[in-house]
Amino acid sequence: MKQTEVLLQPNPNARIEEFVYEKLDRKAPSRLNNPELLGQYMIDAGNEFGPGTAYGNALIKCGETQKRIGTADRELIQTSAINFLTPLRNFIEGDYKTITKERKLLQNKRLDLDAAKTRLKKAKVAEARAAQLNTSQPEENNIMVNVSYMLNLLHVKWLKSEQEVRITQSEFDRQAEITRLLLEGISSTHAHHLRCLNDFVEAQMTYYAQCYQYMLDLQKQLGSFPSTFLSNNNQSSSAPVQNVSAPSVLASASASLPSVSNSIVTSGFSELKSLSGSRKARVLYDYDAANSSELSLLADEVITVYSVPGMDSDWLMGERGNQKGKEL
């Protein structure tokens with residue numbers, strides 16, 4: 001239960017605040033969650049850069065998506081709290097405490113019964129020894145009186161111990177029946193908790209499906225931004241813009257390619273403009289150079305790519321400032 005609370009609300013201060021408001025029977029103030037905050041900051045920054053610019057427009061679209069994810073996150077927390085956490089907490093703080101208390105009482109009754117049985121056993125042994133001593137002693141009046149008196153005392157003690165065993169046995173049986181009835185209800189409780197667990201899984205499934213769909217829609221929206229970027233920066237080309245082969249992330253991840261570096265770099269560029277003998281390309285993914293002849297890349301940076309006479313036609317040279325390296 002505690003770890004589920006941590007999963008749904010990672011901020012310990014927020015959890016403490018919610019706990020205090022719950023104990024005070026007051027509603028906690030509504031605050032933006034982390035995705036909603038990030039979305040708002042992105043939208044504000046996008047408006048400052050200008051909604052008419054590619055970067056500003058992209059920030060606004062990302063911010064709107066983050067806010068939608070924040071709303072989905074809020075719905076997940078609310079649904080999980082109602083359908084999963086609340087029933088679990090009610091059981092732990094209610095029925096579970098009762099069961100634990102009754103089981104502890106049963107254990108104490110068992111200890112009392114064991115102690116009573118031990119005292120009864122000792123009383124029987126003592127009475128048997130006294131009876132044996134009475135038959136082995138010579139028949140003298142004083143001795144007979146003392147032994148008879150001791151036998152009477154031991155018999156009375158044995159009767160009290162036997163009565164105590166009957167009472168403690170009855171109390172133990174009654175407590176065992178109470179505990180048994182409570183524990184039999186656990187099966188129905190487990191069935192209820194199983195339904196709650198299914199609800200929790202469905203809530204998570206809905207949340208992650210929503211987030212995936214939101215990001216998929218955002219990715220499609222951002223896919224048209226290279227051409228917008230060109231027009232916003234007053235960059236034109238006499239030749240139409242052509243795209244370097246750039247399969248989607250899923251396609252590049254599932255394709256069987258000879259090496260990791262080739263797959264990353266092949267899908268890592270999208271062409272932005274064409275110059276005399278060279279082209280500008282935007283990096284889609286981070287890439288660490290495998291050796292000194294290659295160029296390390298960072299996502300979203302723009303580098304110059306061009307072919308070199310004599311170089312394999314499958315390769316291009318990449319240039320960023322004074323740094324050069326070949327890229328596939």
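The following exchange discusses salt bridges, cysteines and strand pairing in a predicted model.

Trainee: On what basis are the residues numbered and the features accepted?
Mentor: Residues are numbered from 1 along each chain as its sequence is written, and side-chain values use heavy atoms, with hydrogens and water left out. As the model is predicted, local features need pLDDT of at least 70, totals for chains, interfaces and linings use all residues, and side-chain atom pairs count only at pLDDT 80 or more.

Trainee: How many salt bridges does the structure hold?
Mentor: Side chains of opposite charge can pair when their charged atoms come close. A salt bridge is counted where a side-chain nitrogen of Lys or Arg lies within 4 Å of a carboxyl oxygen of Asp or Glu. By that criterion, the number of salt bridges in the structure is 10.

Trainee: Which helices hold K109 and E171?
Mentor: K109 forms a salt bridge with E171, and their closest N and O atoms are 3.5 Å apart. The pair ties together parts that are 62 residues apart in sequence, because K109 and E171 lie in helix α5 (residues 95–136) and helix α6 (residues 141–184), respectively. Helices here are DSSP runs of H or I with at least four residues, strands are runs of E with at least two, and both are numbered from the N terminus. The helices asked for are therefore α5 for K109 and α6 for E171.

Trainee: Are K109 and E171 buried or exposed?
Mentor: The classes rest on relative accessible area: buried is under 20%, exposed is over 50%, and partly exposed is in between (1.4 Å probe, protein chains only). K109 has a relative accessibility of 24%, and E171 has 26%. Both residues therefore count as partly exposed.

Trainee: What separates R110 and D114 along helix α5?
Mentor: R110 forms a salt bridge with D114, with the closest N and O atoms 3.1 Å apart. R110 is partly exposed at 35%, and D114 is partly exposed at 33%. Because R110 and D114 are 4 residues apart in helix α5, their separation is about one helical turn.

Trainee: Which residues are joined with E177 into one network?
Mentor: E177 forms a salt bridge with R180, the closest N and O atoms being 2.4 Å apart. Both residues lie in helix α6, 3 residues apart, about one turn of the helix. Through salt bridges that share partners, E177 is joined into one network with R180 and E184.

Trainee: How many disulfides does the structure hold?
Mentor: A disulfide is taken as a pair of cysteine sulfur atoms within 2.5 Å. C62 is buried, with a relative accessible area of 17%, and C211 is buried at 12%. The number of disulfides in the structure is 0.

Trainee: Which residue is the bridge partner of R282 in β3?
Mentor: Strands count as paired if DSSP finds at least two bridges between them. β2 and β3 pair in the antiparallel sense over 4 bridges. In β3, the partner of R282 is V302.

Trainee: Which residue of β4 stands opposite T304?
Mentor: β3 is mostly covered, with 4 of its 5 residues buried. β3 and strand β4 (residues 316–320) pair in the antiparallel sense over 3 bridges. Opposite T304 in β4 stands E319.

Trainee: What is the phi of D300?
Mentor: D300 lies in the loop between β2 (279–283) and β3 (302–306). D300 is exposed, with a relative accessible area of 54%. Its phi is positive, in a residue other than glycine, with a value near 80°.
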